[in-house]
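I opened this model to look up a few buried positions, the salt bridges and the chain contacts. My entries follow in the order I made them.

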There are 2 protein chains.
Amino acid sequence: MSRPSYEETVGFHGHSCPGLAIGYRMTTVALDALGASRADDEELAAIVENDACGVDAVQFVAGCTFGKGNLVFLDYGKPVYTFFSRTTGRGVRVLGHRRGMPEGLRDDRARCTDWLLHAPKEDVVSWREVRIEPPPMARLHGSALCAACGERVMETRLREVGGRSLCTPCAEDTRDD
Amino acid sequence: MSRPSYEETVGFHGHSCPGLAIGYRMTTVALDALGASRADDEELAAIVENDACGVDAVQFVAGCTFGKGNLVFLDYGKPVYTFFSRTTGRGVRVLGHRRGMPEGLRDDRARCTDWLLHAPKEDVVSWREVRIEPPPMARLHGSALCAACGERVMETRLREVGGRSLCTPCAEDTRDD
């Protein structure tokens, strides 16, 4: 997949909004700084410091996805993503801001989004190279059956309760019906 | 966006694999059971009990994405997704399995993937309606500046340290350089 457009990214996220727009700019600035293209596997990893709309741009544009394990979430509530290339060992930290935003745009979501998409990158993103440890790779584990419900469970998530190996919901007896 | 094909879902995930294939079947079975289409906003929510490849099918096909806040992760290590429609109040729990898989396919990833995609749905997924509480909606919070680094932080993530309001990395002094 070549680099997705913002419109294609909206198709994934479901709607256009300022959060997705700033996430799109942050991600493209980071990929440009690293000279990287979208990750088919785990060539790139992203550490995201919030779980807001813009992270869908990280997933869609950089290929750092929740299901692939190369998206690491730190619940810091900060507009910061750090991208790491396993190919080159280089990392870049991008911070989204709106320092150059004209007065009066903040309360107009459509105009704000448009400005975020087209402003000079220095007006919306700060970035710098960083040295970080490579995030751990996704791991596969074996599985076994829960002794209560009989459903399959990853071995590392089984709990020993009264001599039986149970899945979390059975161990906590919180199953919905 | 109409329902994405498996090939389009592979474009998002980055590669085809058995995990993505079973996730695709689980998601499409659930959407059919609910009579639901892809969520542009939070009309649908998904509670996923693992963070493996198949969750990328949940994100791409159902529009329940990490960035939109309608993807809830429970770290149970189980091949289970529960989808909830805010429109109808109905929920469906889908369990992925391979009960009908012919002997010898398990170690052949390409043939296994192909079988998972084309087998009768009863051979790969079990499902039932469930009553659950609606998952909480995504919330927006105000932000403030960290007194140490000066970067913006969601107010609910600020920490008081020595009388100053700090972001998590500054509070823990774990910033990378």
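**Entry 1: B:Thr82**

I started with B:Thr82, which sits in strand E3 (residues 80–85) of chain B. The model is predicted, and I kept that in mind throughout. Is B:Thr82 buried or exposed? I found a relative accessible area of 8% for B:Thr82. The cut-off for buried is under 20%, so B:Thr82 counts as buried.

Next I listed its contacts, leaving aside neighbours within four places in sequence. B:Thr82 touches B:Ala45, B:Ala46 and B:Ile47. B:Thr82 also touches B:Val92 and B:Arg93. B:Val130 and B:Ile132 complete the list for B:Thr82.

**Entry 2: B:Phe84**

I moved along to B:Phe84, also placed in strand E3 of chain B. B:Phe84 has 4% relative accessibility and counts as buried.

Which residues does B:Phe84 contact, neighbours within four places in sequence left aside? I noted B:Glu43, B:Leu44 and B:Ala45. I also noted B:Gly89, B:Arg90 and B:Gly91. B:Ile132, B:Pro134 and B:Pro135 are in contact with B:Phe84 as well. B:Ala45 and B:Ile132 appear both here and in the list for B:Thr82.

I took one distance from B:Phe84. B:Thr28 is 56 residues away in sequence, and the two C-alpha atoms are 14 Å apart.

**Entry 3: Salt bridges**

I then ran the salt-bridge rule. How many salt bridges does it count over all chains? The count is 12.

I looked at A:Arg3 and A:Asp32. Their closest N and O atoms are 3.0 Å apart. A:Arg3 lies in the segment before helix H1 (6–13) of chain A, and A:Asp32 lies in helix H2 (residues 18–34) of chain A, so the bridge ties together parts that are 29 residues apart in sequence. Both ends are partly exposed: A:Arg3 has 37% relative accessibility, and A:Asp32 has 47%.

My next pair was B:Arg157 and A:Asp75, whose side chains meet at 3.0 Å, N to O. This bridge crosses between chains. B:Arg157 is in the loop between E7 and strand E8 (159–161) of chain B. A:Asp75 is in the loop between strand E2 (71–73) and strand E3 (80–85) of chain A. I read 26% relative accessible area for B:Arg157, which makes it partly exposed. A:Asp75 is also partly exposed, at 37%.

I returned to chain A for A:Glu129 and A:Arg90. The closest N and O atoms of this salt bridge are 2.4 Å apart. A:Glu129 is in strand E5 (residues 125–130) of chain A, and A:Arg90 is in the loop between E3 and strand E4 (91–96) of chain A. They are 39 residues apart, so I logged the pair as linking distant parts of the chain. A:Glu129 is partly exposed at 49% relative accessibility. A:Arg90 is partly exposed at 29%.

One network turned up. A:Lys78, A:Arg93 and B:Glu151 are joined by salt bridges that share partners.

**Entry 4: The interface**

I turned to where the chains meet. In the contact list, 48 residues of chain B touch 48 residues of chain A. The two chains bury about 3700 Å² between them, and 53% of this is on carbon and sulfur atoms. Which three residues supply the most of the area that chain B buries against chain A? They are B:Phe12, B:Phe66 and B:Tyr76, with 18%.

I checked the polar side too. The rule finds six salt bridges across the interface. One that I looked up joins A:Glu151 and B:Lys78, at 2.8 Å, N to O. I also logged 23 residue pairs in polar contact across the interface, both residues at pLDDT 80 or more. Several elements of chain B each supply at least two residues to the side that touches chain A, among them helix H1 (6–13) and strand E4 (91–96). H3(B) gives the most, with four residues. By class, that side has 20 nonpolar, 10 polar and 18 charged residues.

**Entry 5: Symmetry**

Last, I superposed the copies. A rotation of 180 degrees, with 0.0 Å of shift along its axis, puts chain B on chain A at an RMSD of 0.0 Å. The copies are therefore related as by a two-fold rotation axis. In chain B, the C-alpha nearest the axis belongs to B:Phe66, at 3.6 Å.

Why do I say the copies meet through the same surface? Because 100% of the interface residues of chain B are also interface residues in chain A.

Note on methods. Residues are numbered from 1 along each chain as its sequence is written. Chains are lettered from A and ligands numbered from 1 in the order in which they are written. This is a predicted model: local features need pLDDT of at least 70, side-chain atom pairs count only at pLDDT 80 or more; totals for chains, interfaces and linings use all residues. Side-chain values use heavy atoms; hydrogens and water are left out. Contact means heavy atoms within 4.5 Å. Buried area is the accessible area (1.4 Å probe) that two parts lose on being put together, summed over both. A salt bridge is a side-chain nitrogen of Lys or Arg within 4 Å of a carboxyl oxygen of Asp or Glu. A polar contact is a pair of N or O atoms within 3.5 Å; within protein, one must be able to donate a hydrogen and the other to accept it, and residues adjacent in sequence count only if both atoms are side-chain atoms. Ala, Val, Leu, Ile, Met, Phe, Trp, Tyr, Cys and Pro count as nonpolar, Asp, Glu, Lys and Arg as charged, and the others, Gly among them, as polar. Copies are superposed by least squares on the C-alpha atoms of residues with pLDDT of at least 70 in both. Buried means under 20% relative accessible area, exposed over 50%, partly exposed in between (1.4 Å probe, protein chains only).
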